[in-house]
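This report covers the overall make-up, the interior, one helix, a surface patch and the backbone geometry of the protein shown below.

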Amino acid sequence: MSLSTFNIHELLALKPPTWLVDGIIPENSLTALYGAPGHGKSFVALDLALSIAAGVPWQGHAVQKGYVVYISAEGGSGIGKRVGAWLTFHGYTADDYADLFASFIVSAIRINPESEDVDDIIEQTVHSLDYLETLAYEGYGPDDAEPPLFIIVDTLARCFEGDENKQEDMGNFIKGLDYLRDRHGATVLVVHHTGKSGPEERGSSAFRGACDTMMLAERNEESGITLSCTKQKDSEEFEPKPFDLMVISGWDSCVITDGREGKDKKTAELLNILRTAGSLTHKEWFEKASGKVPSKTTFNRILRVMRETKIIVKNNGIYEEMPS
């Protein structure tokens with residue numbers, strides 16, 4: 001092991017950490033995205049992954065375009081529907097797919113210091129002839145720095161050997177992740193579950209101690225998905241970010257959208273339906289709104305907010321726009 005020492009002048013001259021996703025995920029970091037089952041973790045992780053692979057802003061945050069390796073250890077072939085939904089929503093066609101730097105592993109792998117799987121995924125992705133040819137086509141020369149590497153492990157449980165609660169076993173898992181970071185310069189995102197007792201991540205506290213960034217995804221029918229930062233080692237924690245899940249027809253899957261923008265858009269669409277009709281019963285309005293809102297629960301929530309903010313009024317079971 002080679003050690004580097006710094007005097008005060010050299011230490012202060014070190015560059016500050018750079019961001020893979022501005023204000024959200026530092027480059028070359030270990031990041032955790034955790035939450036209860038069904039709370040939208042994988043939708044958020046995939047949205048991050050494909051935004052980086054495409055080099056497009058993630059939910060308003062600038063990104064570095066990088067090569068993404070997504071280990072879908074739980075999703076199986078179903079992740080194809082989610083990717084297809086994302087591509088459709090963002091307007092990508094088959095001709096555009098080559099512009100996305102991404103590979104998917106649809107099986108569990110073993111992550112520990114002795115695992116051959118860790119080296120195998122590198123050889124089959126960023127060291128593959130196809131990717132090297134893609135870089136050359138994109139104009140990267142032999143002396144150019146390659147795009148950053150972003151590896152998503154979805155989920156910890158399926159790629160973990162041993163007992164999550166044992167510090168030694170968790171330490172071996174972390175060493176496997178550090179190998180990817182140190183040897184290959186990767187930024188690693190691990191999707192993880194919460195425990196039964198509350199919103200804390202499951203298993204040994206050694207995992208939180210090793211992470212640079214921790215993000216909690218929580219979902220309910222009223223407010224959609226909220227992504228909160230519970231640890232940001234070298235920067236300020238970002239403000240909670242609200243998301244909605246939008247169903248994409250033809251794929252039987254969803255994408256995440258900005259919860260604030262989505263709610264404003266849905267409100268405007270529902271109000272336009274009411275204005276066109278003049279007045280509607282609850283049943284009539286919901287039927288006309290088919291396809292505009294994902295569920296009756298969302299529809300009722302928007303109507304309640306519209307009544308509370310005096311946008312609409314309800315008299316004898318009939319909804320009308322509040323006179324200006």
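## An exposed loop residue

At 83% relative accessibility, Asn316 counts as exposed. Asn316 sits in the loop that links strand S13 (312-315) to strand S14 (318-321). Although not a glycine, Asn316 has a positive phi, near 55 degrees. The model described here is predicted.

A second asparagine with a positive phi is Asn28, at about 60 degrees. Asn28 lies in the loop between strand S2 (25-26) and strand S3 (30-35). With a relative accessible area of 32%, Asn28 is partly exposed. Most residues other than glycine have a negative phi, and most peptide bonds are trans.

## A cis peptide bond

The peptide bond from Asp154 to Thr155 is cis, and its omega is near 20 degrees. Thr155 belongs to the loop between S6 and H6. Strand S6 covers residues 149-154 and helix H6 covers residues 167-184.

## Overall make-up

The protein contains 10 helices and 14 strands. Along the principal axes, its C-alpha atoms fill a box of roughly 80 × 50 × 45 Å. Of the 324 residues, 44% are buried.

The accessible surface is about 17,200 Å², and carbon and sulfur atoms account for 49% of that area. Among contacts with a separation of 6 or more, 63% are between residues 24 or more positions apart.

## Nonpolar cores

In soluble globular proteins, nonpolar side chains tend to be buried together. In this model the largest nonpolar core has 42 residues, and Trp58, Ile152, Met215 and Leu227 have the most contacts inside it. Helix H2 (residues 41-54) gives the most to this core, contributing 10 residues. Apart from this core lies another, of 35 residues, which includes Val126, Phe173, Phe207 and Met214.

Which residues does Ile152 touch, leaving aside its neighbours within four places in sequence? Ile152 is in contact with Ala45 and Ala49, with Val68, Val69, Tyr70 and Ile71, and with Leu189 and Val191. Ala45 and Ala49 fall within the residue range of helix H2, while Val68, Val69, Tyr70 and Ile71 fall within that of strand S4 (67-72).

## The two sides of helix H4

Helix H4 runs over residues 116-124, and its buried residues are Asp117, Val118, Ile121 and Ile122. These residues are on the same side of H4 because they cover an arc of only 140 degrees around the axis. An α-helix has 3.6 residues a turn, so residues three or four places apart point the same way. On the other side of H4, the exposed residues include Glu116 and Gln124.

What covers the buried residues of H4? The cover includes three strands, S4 (67-72), S5 (102-105) and S6 (149-154), together with helix H6 (167-184).

## A nonpolar surface patch

Phe6, Leu11 and Leu14 form a nonpolar patch on the surface. Together the three residues have about 290 Å² of accessible area. Leu11 is part of helix H1 (residues 8-12). The relative accessible area of Leu11 is 47%, and values between 20% and 50% count as partly exposed, so Leu11 is placed in that class.

Note on methods:
Residues are numbered from 1 along each chain as its sequence is written. This is a predicted model: local features need pLDDT of at least 70, side-chain atom pairs count only at pLDDT 80 or more; totals for chains, interfaces and linings use all residues. Side-chain values use heavy atoms; hydrogens and water are left out. A nonpolar core is a set of buried Ala, Val, Leu, Ile, Met, Phe, Trp, Tyr and Cys residues joined through side-chain atoms within 4.5 Å. Buried means under 20% relative accessible area, exposed over 50%, partly exposed in between (1.4 Å probe, protein chains only). Helices (H or I, at least four residues) and strands (E, at least two) are DSSP runs, numbered from the N terminus. Contact means heavy atoms within 4.5 Å. Patches are made of residues with over 30% relative accessible area and no salt bridge: like charges are joined within 9 Å, nonpolar side chains (Val, Leu, Ile, Met, Phe, Trp, Tyr) within 5 Å. Accessible areas come from the Shrake-Rupley method with a 1.4 Å probe; for residues, only the protein chains shown count as cover. A salt bridge is a side-chain nitrogen of Lys or Arg within 4 Å of a carboxyl oxygen of Asp or Glu. The arc is that of the directions from the helix axis to the C-beta atoms.
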